[in-house]
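Dear colleague,

Please find below the structure that I am handing over to you. A summary of what was found in it follows.

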Amino acid sequence: MKIYYYPIILLIAGLLYSYWFGYTPVLVSVAYFIASIASYALYAKDKKAARRGAWRVQENTLQLTALLGGWPGALIAQQRLRHKTQKVSFRVVFAVTFLLNIGLLAWLHTAKASETLRYYSDKAGDWAVAQFGVNLGTAIVQELTAFHRPR
């Protein structure tokens, strides 16, 4: 197994732990997944544009998707597409966004952050029901924002 997969495996294990022990709702994991797909797609688009000499995706956009949780997809794209692996300044900023994102995830496991996340998670579920009534869509929102209650 390639070494660049280890942080992703640790993230998956951490997200499972985080959900199972009631620190974060499943929505956090879903957000990482969606951000990673978006990040990979942006890298692929940028690589294709670079080959054709067309309009490129801004580096700030690539870094922002990594910061917002898309770093697993970005890391896979960098390796599989061989894109953005040589530019040292980009790699340094990417490493910083990775560390900031992991720091934010670690912070979510503090008492204050977890309490705040629970509050806003409950509010999101309540808002969905107030706006749209009780239906399949709001049931999904409530499930995604619900915290697992460890026994």
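**The nonpolar patch and its helices**

Helix 3 (59–80) and helix 4 (88–107) each contribute at least two residues to a nonpolar patch on the surface of this chain, which is a predicted model. The patch covers about 640 Å² and is made by Leu64, Leu67, Leu68, Val88, Val92, Val96 and Leu100. Helix 4 provides the largest share, with four residues. Leu67 is a residue of helix 3. With a relative accessible area of 31%, Leu67 is classed as partly exposed. Patch residues must have over 30% relative accessible area, so Leu67, at 31%, meets that requirement.

**The chain as a whole**

To place the patch in context, the overall architecture may be useful. The secondary structure consists of six helices and zero strands, and the pattern read along the sequence is α-α-α-α-α-α. The C-alpha trace spans about 50 × 30 × 25 Å along its principal axes. The chain has 151 residues, of which 33% count as buried. Among contacts with a sequence separation of 6 or more, 68% are between residues 24 or more positions apart.

The exposed area of the chain is about 9600 Å², and carbon and sulfur atoms supply 67% of that area. As for charge, there are 17 positive and 6 negative side chains. The centres of these two sets lie 16 Å apart.

**Salt bridges**

How many salt bridges does a search of the whole structure find? The search finds three.

One of them joins the side chains of Asp46 and Arg56, with an N to O distance of 2.8 Å. This pair links distant parts of the chain: Asp46 belongs to helix 2 (residues 26–52), whereas Arg56 sits in the loop between helix 2 and helix 3, and the two are 10 residues apart. The two partners can also be described by their accessibility. Asp46 is buried, with a relative accessible area of 0%, while Arg56 is partly exposed, with a value of 34%.

Glu59 takes part in a salt bridge with Lys84, in which the closest N and O atoms are 2.9 Å apart. Because Glu59 lies in helix 3 and Lys84 in the loop between helix 3 and helix 4, the pair ties together parts that are 25 residues apart in sequence. Glu59 has a relative accessible area of 24% and is therefore partly exposed. Lys84, by contrast, is buried, with a relative accessible area of 13%.

Glu59 also forms a salt bridge with Lys87, and here the closest N and O atoms are 2.8 Å apart. This pair too links distant parts of the chain, with Lys87 in the loop between helix 3 and helix 4, Glu59 in helix 3, and their positions 28 residues apart in the count. Lys87 is partly exposed, with a relative accessible area of 40%.

Which residues are linked in a network of salt bridges? They are Glu59, Lys84 and Lys87. Helix 3 therefore appears in two settings: Glu59 in helix 3 pairs with Lys84 of the loop that leads on to helix 4, and helix 3 also supplies at least two residues of the nonpolar patch.

With kind regards

Notes:
Residues are numbered from 1 along each chain as its sequence is written. This is a predicted model: local features need pLDDT of at least 70, side-chain atom pairs count only at pLDDT 80 or more; totals for chains, interfaces and linings use all residues. Side-chain values use heavy atoms; hydrogens and water are left out. Patches are made of residues with over 30% relative accessible area and no salt bridge: like charges are joined within 9 Å, nonpolar side chains (Val, Leu, Ile, Met, Phe, Trp, Tyr) within 5 Å. Accessible areas come from the Shrake-Rupley method with a 1.4 Å probe; for residues, only the protein chains shown count as cover. A salt bridge is a side-chain nitrogen of Lys or Arg within 4 Å of a carboxyl oxygen of Asp or Glu. Buried means under 20% relative accessible area, exposed over 50%, partly exposed in between (1.4 Å probe, protein chains only). Contact means heavy atoms within 4.5 Å. Lys and Arg count as positive and Asp and Glu as negative; His and the chain ends are not counted. The place of a charge is taken as NZ of Lys, CZ of Arg, CG of Asp or CD of Glu.
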